[in-house]
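User: Could you take a close look at one part of this assembly for me, the places where its chains meet? I would like the cut-offs spelled out as you go.

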Number of protein chains: 10
Amino acid sequence: MNKLDMTQAIMVAKETKEVSWENIAEAVGMSPVWTTSACLGMNSMPSDKASALCQYLDLSAEVREALEQYPTKVWDQAVPTDPLIYRLYEVVGVYGPTMKEIIQEKFGDGIMSAIDFNMSIERKEDPKGDRVIVTMDGKFLPYKAW
Amino acid sequence: MNKLDMTQAIMVAKETKEVSWENIAEAVGMSPVWTTSACLGMNSMPSDKASALCQYLDLSAEVREALEQYPTKVWDQAVPTDPLIYRLYEVVGVYGPTMKEIIQEKFGDGIMSAIDFNMSIERKEDPKGDRVIVTMDGKFLPYKAW
Amino acid sequence: MNKLDMTQAIMVAKETKEVSWENIAEAVGMSPVWTTSACLGMNSMPSDKASALCQYLDLSAEVREALEQYPTKVWDQAVPTDPLIYRLYEVVGVYGPTMKEIIQEKFGDGIMSAIDFNMSIERKEDPKGDRVIVTMDGKFLPYKAW
Amino acid sequence: MNKLDMTQAIMVAKETKEVSWENIAEAVGMSPVWTTSACLGMNSMPSDKASALCQYLDLSAEVREALEQYPTKVWDQAVPTDPLIYRLYEVVGVYGPTMKEIIQEKFGDGIMSAIDFNMSIERKEDPKGDRVIVTMDGKFLPYKAW
Amino acid sequence: MNKLDMTQAIMVAKETKEVSWENIAEAVGMSPVWTTSACLGMNSMPSDKASALCQYLDLSAEVREALEQYPTKVWDQAVPTDPLIYRLYEVVGVYGPTMKEIIQEKFGDGIMSAIDFNMSIERKEDPKGDRVIVTMDGKFLPYKAW
Amino acid sequence: MNKLDMTQAIMVAKETKEVSWENIAEAVGMSPVWTTSACLGMNSMPSDKASALCQYLDLSAEVREALEQYPTKVWDQAVPTDPLIYRLYEVVGVYGPTMKEIIQEKFGDGIMSAIDFNMSIERKEDPKGDRVIVTMDGKFLPYKAW
Amino acid sequence: MNKLDMTQAIMVAKETKEVSWENIAEAVGMSPVWTTSACLGMNSMPSDKASALCQYLDLSAEVREALEQYPTKVWDQAVPTDPLIYRLYEVVGVYGPTMKEIIQEKFGDGIMSAIDFNMSIERKEDPKGDRVIVTMDGKFLPYKAW
Amino acid sequence: MNKLDMTQAIMVAKETKEVSWENIAEAVGMSPVWTTSACLGMNSMPSDKASALCQYLDLSAEVREALEQYPTKVWDQAVPTDPLIYRLYEVVGVYGPTMKEIIQEKFGDGIMSAIDFNMSIERKEDPKGDRVIVTMDGKFLPYKAW
Amino acid sequence: MNKLDMTQAIMVAKETKEVSWENIAEAVGMSPVWTTSACLGMNSMPSDKASALCQYLDLSAEVREALEQYPTKVWDQAVPTDPLIYRLYEVVGVYGPTMKEIIQEKFGDGIMSAIDFNMSIERKEDPKGDRVIVTMDGKFLPYKAW
Amino acid sequence: MNKLDMTQAIMVAKETKEVSWENIAEAVGMSPVWTTSACLGMNSMPSDKASALCQYLDLSAEVREALEQYPTKVWDQAVPTDPLIYRLYEVVGVYGPTMKEIIQEKFGDGIMSAIDFNMSIERKEDPKGDRVIVTMDGKFLPYKAW
């Protein structure tokens with residue numbers, strides 16, 4: 001079973017059982033963002049996590065195996081069109097050079113890892129309209145001289 | 001004076017005076033990320049903030065006027081090449097659909113605004129290597145039906 | 001049922017029943033532009049609206065569920081080729097910077113929302129050739145400083 | 001004098017005299033959108049309008065001649081990055097096929113002209129946040145069979 | 001039946017009956033270029049023309065309905081590769097600015113319509129090699145000032 | 001003198017002397033389209049034609065030499081944005097496959113040359129709006145088998 | 001039968017019968033390059049050649065008809081990735097302007113036709129490593145003035 | 001002196017002295033294609049060849065040094081627009097897969113080198129129109145297994 | 001059987017038999033990198049190697065034949081998105097000009113062959129985190145003058 | 001002084017003093033690849049290294065400061081055209097998926113860092129033609145689950 005069919009199977013089960021990504025993440029014992037990304041085929045799950053997920057959603061061993069596979073991460077749109085995703089792309093375009101200035105001022109020459117990395121997303125209540133809080137947490141990697 | 005020359009003038013003054021973006025932001029009374037983005041030409045400064053900045057860095061009225069101008073936000077590289085900025089682009093590519101799932105599960109159909117938006121960047125100490133903490137905080141905007 | 005099959009089913013029913021988008025919109029109690037966009041898979045319908053539509057067109061519960069799903073908005077052609085749609089793209093290319101000047105003169109630094117947004121399209125009779133009147137109505141969103 | 005220098009000269013005069021695009025348009029006796037687009041080099045002005053503009057802003061005969069020239073309309077970014085202009089592009093991407101359905105249902109097979117075309121932009125007060133009202137008015141052009 | 005299947009059906013019938021585009025156009029009572037373009041899915045046929053075509057080629061009512069549908073005009077290759085079509089593209093690249101100079105000298109600021117437009121293609125005998133004569137005939141549309 | 005400066009010099013002389021492309025072509029004894037294309041740097045002029053042109057417009061020997069040089073034909077925009085030129089591009093996109101069908105039905109497998117090629121542009125009066133008549137005349141080149 | 005299926009059928013027959021392109025070309029009485037290009041769908045075969053090929057390879061009348069059809073020449077990769085084909089692309093990039101200089105010095109302003117064109121490919125033995133000899137032979141086409 | 005200025009200097013000297021690429025090549029004792037490519041900045045000249053060229057054209061030591069430098073081979077247009085160069089690109093597009101079939105049938109799996117490579121261009125007289133003969137001669141490089 | 005199906009068959013057999021690429025390479029008597037690349041369809045296998053592989057994995061003669069076929073090497077993403085592959089692309093972008101300087105300083109004007117080329121990948125233990133050692137070994141090819 | 005001018009200054013000094021990258025690297029006490037990349041503006045130098053370099057090449061304090069600045073790593077060509085650099089790009093295209101298989105088989109799901117990374121380039125003598133040996137050494141970074 002490839003990752004596309006795996007995601008399809010999880011989506012159907014999630015809808016049938018009427019559970020949320022938070023429910024699934026709790027059953028797996030991991031964070032919602034990471035759990036969802038693995039279900040969408042963008043991360044591989046350790047065996048015990050994949051088993052827990054398939055047990056919770058009554059999914060087959062084939063889904064479990066697909067969850068464990070190392071993904072090839074591919075996206076088709078160099079510039080995404082969906083408005084929610086485009087706004088994130090826009091943030092990178094508008095604030096990318098600013099983030100470079102601030103990070104390198106605090107840490108020296110290097111980057112924030114996107115591999116040794118985690119992310120959480122929270123809802124903050126606000127009388128003027130609730131707010132999305134995205135927290136990215138990545139290891140700083142200094143450039144090595146040799 | 002256009003925004004490019006303005007940024008150039010600020011950079012030279014910043015280096016000469018040996019001050020950091022944090023120092024400048026403090027002098028202006030705003031956050032480091034926003035202050036830096038305005039200095040890089042990606043946001044406009046209210047008049048009092050622009051004056052405070054120019055006073056702190058001994059810059060001319062022309063720089064102040066340029067800081068107040070509404071920018072046209074342009075970036076040349078649809079896919080950025082600098083590794084620090086590319087990693088942010090990669091996060092959008094890898095986690096964009098996941099973020100859409102999580103945000104829309106928490107809020108309903110809509111987006112996180114990139115306009116009614118702010119961001120902070122902090123350094124978290126960690127014995128295995130310090131970490132960059134980026135916090136994005138954007139208003140949720142629901143799609144309107146009509 | 002995915003959005004593509006949903007649109008297909010609605011198109012067939014619309015043709016069989018010989019009704020217009022205006023008829024459908026009236027049955028749903030919403031505007032023609034929004035109703036059509038939801039049928040083409042570019043907006044999600046609240047449950048009662050989706051039910052009304054499916055009752056009016058004798059469509060299955062699967063179509064109703066597909067109408068309620070939050071869409072991922074994707075378009076393939078960065079520059080559209082269909083002449084009707086290209087002319088709209090051309091208007092953005094030719095008048096985009098003008099619109100920026102006028103809107104920011106009236107409102108300050110910010111944008112017109114494409115989310116808190118609605119649109120109507122009318123026919124205006126004219127002896128030299130009838131005219132298309134497109135009215136876009138979007139909330140002004142000021143850039144926040146922080 | 002080419003169109004770029006012409007725009008530059010007008011911008012400087014506009015800032016020095018502290019007049020708005022509305023003021024300039026009134027002096028010229030035309031609409032603000034069209035007047036601005038001609039000043040940005042995207043439309044040609046008839047001789048009397050160009051003269052009125054140059055008299056109002058104390059600009060040279062060279063500027064007048066440049067305003068009268070027929071422009072070559074060029075834009076560099078197939079997908080615009082400035083958020084205000086991108087939102088308009090997004091509207092074309094999201095609602096383009098819907099607009100095609102509605103216009104062709106009302107008029108038959110054809111397009112809305114972007115040449116025999118005008119546009120106005122107004123501010124509508126709203127307690128939840130003022131709104132931008134863009135009205136496009138283009139002649140319907142039916143496809144000819146032969 | 002969609003336009004692609006319609007074209008396929010017409011092509012098969014045309015080959016089976018061993019008729020030319022000229023024969024089909026004559027049967028329909030329209031020009032060869034327009035008739036062919038409608039058969040290739042790039043124009044819609046009025047009902048009587050579609051009926052005449054289907055009668056002539058013994059095609060089903062489904063083909064007739066598909067011929068009447070308003071097409072979405074899409075092409076995949078921004079720069080066409082087929083040598084015959086590329087040469088036309090090359091003519092636009094090499095002579096486009098020249099055509100702009102000549103047309104705007106004769107008519108003023110405006111364009112040649114591609115909608116209120118027709119075209120014919122003839123063969124001119126020539127002892128050095130016969131020649132293709134393409135005649136385009138489009139309404140001049142002046143830019144409107146407002 | 002390169003072709004860009006040559007065009008610039010011719011444009012200035014043309015405006016100063018208040019002559020049209022038709023006048024210049026008549027002085028040179030060639031067609032307006034070809035003469036204009038040579039002046040825009042897209043064709044080379046034989047020596048006698050270049051001399052006639054420079055004499056008519058009082059231009060230097062350097063301009064004459066530049067007119068005689070073989071051009072490298074370059075255009076920057078794969079998809080042109082100027083509306084007049086875009087409409088020609090659109091004609092190629094919409095009618096290219098039709099033209100291929102018609103030409104190859106009349107001539108066999110081959111192409112219309114864009115090298116052994118000429119073009120004329122005329123104004124046809126019409127009470128509903130005057131029309132642009134573009135006539136392209138290119139040698140048919142059959143594919144050779146070997 | 002379309003050209004893709006035709007190529008597939010020829011490839012299978014070629015492998016089964018264990019014949020080379022040279023064998024096929026000899027049976028057809030044409031050159032190997034042209035014969036191969038027709039089999040790959042990039043040229044049309046006259047009826048007698050198509051018959052000879054199908055007789056030699058025991059292929060059906062459908063293959064013969066497909067061989068006779070005029071191809072639409074399409075390639076997907078503007079920059080080819082296969083190393084053998086890329087090297088040819090590289091030769092055009094590195095030596096294209098040189099070839100223009102040399103050809104136009106020998107012939108005047110014009111081009112080498114890719115239509116009235118043939119090519120052969122030979123193997124030249126060499127102790128340091130055998131060499132590929134590609135000979136292109138195209139008619140010179142002078143630009144016409146008019 | 002960079003390669004661009006070097007080419008400029010050689011072009012001026014070539015025109016002033018009224019010599020051809022063939023003359024220059026003969027003076028240098030190398031082939032016209034290679035000599036021209038070095039003058040256009042696409043190959044480096046050994047010291048003695050560069051000296052011979054500069055002596056023949058009365059050029060400075062700076063030009064000689066620039067000729068000896070190893071070039072970075074860059075071209076801007078992935079798809080060239082000049083008709084002469086485009087036709088070569090078209091040959092690669094149309095005949096690339098054919099050339100791969102023929103070369104690999106004759107030599108096995110591998111490529112024709114574009115580095116251990118040479119090319120000549122000749123004029124062949126022909127009563128129907130003279131022909132350009134391009135001969136490419138590249139070492140076959142077999143893929144290595146390891 | 002085409003290369004895609006071949007890879008699929010090998011992947012299934014590899015998983016079922018629970019063998020590694022190293023095991024397969026050892027069975028074939030070739031290096032792991034080359035063996036894997038042939039299994040992924042990017043190199044052709046000599047007949048004995050293909051037989052050995054199919055015997056080891058219990059695969060059919062069809063797989064063997066597919067392994068022997070000369071591949072057309074195609075990749076879809078000009079800029080790869082998978083993070084592991086992107087980092088390699090980034091190395092070429094960041095260090096490409098440096099590698100050119102160093103290689104040409106050591107060898108003269110020329111390139112490193114990607115055809116007469118091999119590569120190995122090793123794991124080096126390191127207390128701060130194990131390291132990937134990639135060794136590329138390509139023949140230097142000097143540019144030929146002629 | 002920006003990085004471009006810095007590179008220019010170093011290149012001139014390197015040529016004047018007739019020293020190699022190896023000499024410079026030795027003087028600095030670092031590897032040739034890293035030293036060259038810093039001189040080409042793709043890495044920042046610690047202060048003592050920059051001083052050593054400027055002392056060795058008799059360069060100004062401005063060059064030293066430019067060497068210490070953190071670079072923004074930009075390259076213009078998504079697909080490089082210079083043959084030496086293209087071959088490296090080709091290696092990534094041809095062997096990228098193979099390298100992913102091998103690395104992830106040896107290490108698990110993760111990547112080779114391009115930041116905690118070094119590279120060396122050596123010349124290996126070989127009677128059939130000397131060889132370029134490129135050794136890349138990057139830390140393995142496992143994907144983190146959270």
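Analyst: Happy to help; what follows is a walk through two interfaces, with a few words on the symmetry and on chains that stay apart.

A note on conventions: this is a predicted model, in which local features need pLDDT of at least 70 and side-chain atom pairs count only at pLDDT 80 or more, while totals for chains, interfaces and linings use all residues. Residues are numbered from 1 along each chain as its sequence is written, chains are lettered from A and ligands numbered from 1 in the order in which they are written, and side-chain values use heavy atoms, with hydrogens and water left out.

Let us begin with chains A and B. Two copies of a chain are related by a rotation about an axis and a shift along it. Here a turn of 180° with a shift of 0.0 Å along the axis lays chain A on chain B with an RMSD of 0.0 Å, where the superposition is by least squares on the C-alpha atoms of residues with pLDDT of at least 70 in both copies. This is how a two-fold axis relates its copies. Within chain A, Thr135(A) has the C-alpha nearest that axis, 2.2 Å from it.

The contact itself (heavy atoms within 4.5 Å) takes 70 residues from chain A and 70 residues from chain B. The copies meet through the same surface, because 100% of the interface residues of chain A are also interface residues in chain B. About 6900 Å² is buried between the two chains, and carbon and sulfur atoms give 67% of that; buried area is the accessible area, taken with a 1.4 Å probe, that two parts lose on being put together, summed over both. On the chain A side, Leu84(A), Arg131(A) and Val132(A) supply 10% of the area buried against chain B, more than any other three residues.

Polar pairs come next. The rule finds 12 salt bridges across the interface of chains A and B, each being a side-chain nitrogen of Lys or Arg within 4 Å of a carboxyl oxygen of Asp or Glu. One of them joins Lys124(B) to Asp137(A), with the closest N and O atoms 3.1 Å apart. There are also 30 residue pairs in polar contact between chain A and chain B, both residues at pLDDT 80 or more. A polar contact is a pair of N or O atoms within 3.5 Å; within protein, one must be able to donate a hydrogen and the other to accept it, and residues adjacent in sequence count only if both atoms are side-chain atoms.

Which elements of chain A face chain B? At least two residues each come from α1 (3-17), α2 (21-28), α3 (32-39), α6 (83-107), β1 (110-124) and β2 (131-142) of chain A. These are DSSP runs numbered from the N terminus, helices being H or I with at least four residues and strands E with at least two. The most comes from α6(A), with 25 residues. By class, this side of chain A has 37 nonpolar, 14 polar and 19 charged residues; Ala, Val, Leu, Ile, Met, Phe, Trp, Tyr, Cys and Pro count as nonpolar, Asp, Glu, Lys and Arg as charged, and the others, Gly among them, as polar.

Lys106(A) is found in helix α6 of chain A. Leaving aside neighbours within four places in sequence, Lys106(A) is in contact with Glu22(B), Ile121(B), Glu122(B) and Arg123(B).

Now for chains F and G. Chain F is laid on chain G by a turn of 180° and a shift of 0.0 Å along the axis, with an RMSD of 0.0 Å. Ser113(F) comes closest to the rotation axis among the residues of chain F, with its C-alpha at 4.7 Å. Here, 27 residues of chain F are in contact with 27 residues of chain G, and the buried area is about 2600 Å², 61% of it from carbon and sulfur atoms. Tyr70(F), Ile115(F) and Trp146(F) lose the most area to chain G, together 33% of what the chain F side buries.

Across this interface the rule finds 2 salt bridges, including one between Lys144(G) and Asp116(F) at 2.9 Å, N to O. The count of residue pairs in polar contact is 14. The element of chain F that gives the most to this side is β1(F), with 6 residues, and the classes are 14 nonpolar, 7 polar and 6 charged residues.

Finally, chain B and chain F do not touch, their nearest C-alpha atoms being 16 Å apart.
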